[in-house]
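Grab a coffee and pull up the viewer. Here are some exercises to work through, each followed by a solution in steps.

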Amino acid sequence: MPSLHDFLQLMATANRRRITGMELTPQQIDFYRREGYLVVHGVLDAPELERLRSAMDELLAGARGVADHTALYDMEDTHTPEQPRVRRLKLPHLHHAAFHDLIRSPKVLGLLTSLLGPSVRMHTSKLNLKSADYGAAVEWHQDWAFYPHTNDDVLAMGVLLDDFEPDNGPMMVVPRTHVGSICDHHHAGVFVGAIDPDRIAPEIARAVPLIAKAGSITLHHARLIHGSALNTSRRPRSFLLYEAMAADAWPLASGLYGSLEEFDARMLCGEPSLQPRMTAVPVRMPVPKAPQSASLYQSQKYMAKRFFEVAP
Ligand SMILES: O=C(O)CCC(=O)C(=O)O
């Protein structure tokens, strides 16, 4: 006869199983732990992809007539209200049910719980558009520089809404840098959200582009060095990113996003905890901020020397 404790444990395990629809294999988990990233091919089927693409188009339609950055739109430098050029949709999960639902779907939660354990919290979401011909580059950086936590069970999950090909600015990662130091992301005394490329030339030389079809999913560790070039192709490269962490990884730089209620409203599955798990992680605080730092693209303008080409 199982004790009440055993019974509750069994129930919790059964609930977790119900949540985790698509678990990673031990080989995939080993690869992620060793290399700091993973590509899972063919996760979304055509109808799932279509729902996300039409949600994206719906939100983008609202950018016509908008003059400047808003809570939803981060604009390219060449944006005009008549010819909208949106670089990023900010927090798409708050603006459309399709993006809210995806991160809570059993399939996607299964990937996250495979790497982060049963209790997972979401930090934020964004949809980087990288439009054909001019979509902006993202300079080399570690996400951890923006949001250090008490432990580094922290990652970004990227959903490819378009094929990633060599010339449309696929994300590039530097394998195994997730176990190294945290690079300096400051210049002239302010946080610019990018690493001086001269300081990481050997790492950049061994970066690998993540080439995969739309519907695939990438997972990269928050300490991994990564970046992506200008889109010089005639094809768009839309990339939906969610940043997530183990529930016991507490943010060091952003407080609790307002209140404990708000912090815990970010739970995707499992249980929140009032006991942050502390590990020996390297941390540099992302302060002071650059004068205009509402997005990574804006912060990176303050770096001394860019690595990637900028659109004419
Ligand atoms: O869009 C990309 O290629 C990279 C995105 C990224 O690293 C970021 O937004 O932090």
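Before counting anything: helices here are DSSP runs of H or I with at least four residues, strands are E runs of at least two, and both are numbered from the N terminus. Keep in mind that this is a predicted model.

**Exercise 1. Get an overview of the protein chain.**
How many helices and strands does the protein chain have?

Solution.
- Step 1: Count the elements. The protein chain has nine helices and 14 strands.
- Step 2: Check the overall dimensions. A compact globule of 312 residues would have a radius of gyration near 20 Å, and the protein chain comes out at 19 Å, so the two agree. Along the principal axes, the C-alpha atoms fill a box of roughly 70 × 45 × 40 Å.
- Step 3: Look at burial. A residue is buried if 20 or more other C-beta atoms lie within 10 Å of its own; 39% of the 312 residues make that cut.
- Step 4: Look at contacts. Take those between residues at least 6 apart in sequence: 86% of them join residues at least 24 apart.

**Exercise 2. Describe the surroundings of the ligand.**
Which residues surround the ligand?

Solution.
- Step 1: List the shell. N128, V138, D143, M171, H226, S228, F239, L241 and L296 surround the ligand.
- Step 2: Sort the shell by character. Five of the residues are nonpolar, three are polar and one is charged.
- Step 3: Ask which strands contribute. β12 (226-228) and β13 (239-246) each supply at least two residues of the shell.

**Exercise 3. Follow β13 and its pairing partners.**
Is β13 largely enclosed or not, and why?

Solution.
- Step 1: Count buried residues. Six of the eight residues of β13 are buried, so the rest of the structure largely encloses this strand.
- Step 2: Find one partner. β4 (residues 120-128) pairs with β13 in the antiparallel sense over eight bridges, and R121 stands opposite M245 in β13.
- Step 3: Find another partner. β6 (residues 154-160) runs antiparallel to β13 and is joined to it by seven bridges. Here L155 has A244 of β13 as its bridge partner.

**Exercise 4. Trace the open four-stranded sheet.**
In what order do the four strands of the open sheet come?

Solution.
- Step 1: Read off the order. It goes β5-β12-β7-β10, with antiparallel pairing.
- Step 2: Name the edges. β5 (138-141) and β10 (208-209) are the edge strands, each pairing on one side only.
- Step 3: Zoom in on one pair. Two bridges join β7 (residues 172-173) to β10, and V173 has V208 as its bridge partner in β10.

**Exercise 5. Explore the nonpolar cores and α6.**
Which residues touch the most other members of the largest nonpolar core?

Solution.
- Step 1: Pick out the hubs. The largest core has 64 residues, and L112, L116, L155, M157, L219 and A244 touch the most other members.
- Step 2: Take one hub. Leaving out residues up to four places away in sequence, L219 touches Y32, Y37, L38, L111, L115, L155 and M157.
- Step 3: Look elsewhere. Another core of seven residues lies apart from it, with A137, V138, A229 and L230 among them.
- Step 4: Turn to α6 (residues 106-116). Eight of its eleven residues are buried, leaving the helix mostly covered; the buried ones are V108, L109, L111, L112, T113, S114, L115 and L116. Just after α6, G117 takes a positive phi of about 90°.

**Exercise 6. Check the loops for backbone oddities and exposure.**
Is K130 buried or exposed, and why?

Solution.
- Step 1: Place K130. This residue is in the loop between β4 and β5, and its phi is positive, about 40°, although it is not a glycine.
- Step 2: Count neighbours. K130 counts as buried because 28 C-beta neighbours sit inside 10 Å.
- Step 3: Move to D133. It lies in the loop between β4 and β5 and has a positive phi near 80°. With 13 other C-beta atoms within 10 Å, D133 is partly exposed.
- Step 4: Visit D77, in the loop between β2 (73-75) and β3 (86-90). D77 is exposed, because it has 12 other C-beta atoms within 10 Å.
- Step 5: Finish with the cis peptide bond. It joins V287 and P288, with omega about -5°; P288 is in the loop between β14 (267-269) and α9 (296-300).

Terms used: Residues are numbered from 1 along each chain as its sequence is written. This is a predicted model: local features need pLDDT of at least 70, side-chain atom pairs count only at pLDDT 80 or more; totals for chains, interfaces and linings use all residues. A residue is near a molecule or strand if its C-beta atom, placed from the backbone, lies within 6 Å of it. Ala, Val, Leu, Ile, Met, Phe, Trp, Tyr, Cys and Pro count as nonpolar, Asp, Glu, Lys and Arg as charged, and the others, Gly among them, as polar. Two strands pair if DSSP finds at least two bridges between them. A nonpolar core is a set of buried Ala, Val, Leu, Ile, Met, Phe, Trp, Tyr and Cys residues joined through C-beta atoms within 7 Å. Two residues are in contact if their C-beta atoms, placed from the backbone, lie within 7 Å. The radius of gyration is taken over C-alpha atoms; the globule rule is 2.2 Å times the number of residues to the power 0.38.
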